[in-house]
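Please prepare a briefing on the nonpolar packing and strand pairing of this protein for use at the bench.

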Amino acid sequence: MKHLIRECFQGEGYVFATRAAEIARAHGHARPARLASNENPAGPSPEAVRRAVDALGCVNRYPDETNRGFADALRAYHGDYRFVASVGMDGIIETVIRTLINDGDEVVVSTPTYSFYGIAVRAQGGTPVSVARRADWSVDPETFIRACKGRKLAFLCSPNNPTGTVTPVEDIKAILDEIKGILFLDAAYIDFCDEDYRPLMKEYDNLIIGRTMSKAFSLAGLRIGYAFVPTWYEPYYMTAATPFTLNSVSQAAGEGALADPSHTIPIVRNVEVWRGRFAKESPYPVAPSGGNFVLVDVAPATAEEVVEQLAARGVIVRSCTSFPGLGDHYIRVSIGEDWENERFLEEISRL
Ligand SMILES: *Cc1c(COP(=O)(O)O)cnc(C)c1O
């Protein structure tokens, strides 16, 4: 029956960091340091939990199909912008691709980066086209603009997963000034850095900014993503979207989290402190990062070797070999709880 499956799903899909966890378990680590998935080790805001629990009592009803309450909470938090919401930012990415991409269309992706853009483009029948970043992982606007010529959609992640690189607002403006298609700016980690792309929404009608409640807001398990969209684009997005994407419990939790913004202040502060310590105390080079993770160059060892050795010692980190265009000697280490970060520094120094 396998021949019935579309070719784009015959190969490998999204790569999860499951193998390292299995190695740690096999070595008897019941509670390893979990630094592979850029999760937030802090729990969610109590206000988010309280509202989610209340919402559970009403799940016999379908959620508000327009996500109105959540969009209102977003406007209270960010200001007067247009928003769409979905099942994680991944749901937004899929829907945006669905609105624009026909069979055979090429989509620009600034690499190395998050692998899901390419996976979702292929699933829609499109073809991802990589534009390489510079050696220091910064984006060269001219190269990027050239790649966008004649193409409808481009993905750029900032702070970039897995390199941590922050692209300055001026470079994004330079790109938006020149391209004729739409730029999807993935700002999943924006809360951990000082850059602010939101004002660009007032100036450009070809920009979509993707955001998530999974990282700084500690709600990864509830799958809440949203995007700033141009006003003209919103109805097309709504036409293409799967009905009732965000469930009522997630909507309520998202509203609660946005009503308690100070909850993220110590979380962000802690990330800043540990990014600095990782950079200073790691025996291997650490790339400057604006996210809640760092990219570590473990050459001459390979990422797979280091991930296995660390896992055997109870520290789970992410090998970056599955990120297209990155090579085989980088690991990505999330900033976790203090004891987890300490364990990582101890064990990486002992390799
Ligand atoms: C985590 C992440 C997302 C999406 O997260 P969701 O949990 O689906 O909201 C999107 N882009 C990047 C770069 C990420 O790292």
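Which residues point one way from β11, and which the other way? Y330, R332 and S334 point one way and I331 and V333 the other, and all are buried (under 20% relative accessible area, 1.4 Å probe, protein chains only). In a regular strand, side chains alternate between the two faces of the sheet.

This is a predicted model, in which local features need pLDDT of at least 70, side-chain atom pairs count only at pLDDT 80 or more, and totals for chains, interfaces and linings use all residues. Residues are numbered from 1 along each chain as its sequence is written, and side-chain values use heavy atoms, with hydrogens and water left out.

**Strand β11 and its partners**
- Strand β11 spans residues 330-334, and 5 of its 5 residues are buried; strands here are DSSP runs of E with at least two residues, and helices are runs of H or I with at least four, numbered from the N terminus.
- Strand β9 (residues 293-297) runs antiparallel to β11 and is joined to it by 5 bridges; pairing requires at least two DSSP bridges.
- V296 stands opposite I331 in β11.
- Strand β10 (residues 315-319) pairs with β11 in the antiparallel sense over 2 bridges, and R318 stands opposite R332.

**Nonpolar cores**
- The largest nonpolar core (buried Ala, Val, Leu, Ile, Met, Phe, Trp, Tyr and Cys residues joined through side-chain atoms within 4.5 Å) has 106 residues.
- Residues with the most contacts inside this core include I93, F144, L183 and I331.
- Helix α4 (residues 88-100) gives the most to this core, with 6 residues.
- Domain 1 (2-43 + 263-348) and domain 2 (46-261) both contribute residues, so this core lies between them; the bounds come from an automatic or database domain assignment.
- A second, separate core of 7 residues includes A287, L295, F323 and L326.

Terms used. Buried means under 20% relative accessible area, exposed over 50%, partly exposed in between (1.4 Å probe, protein chains only).
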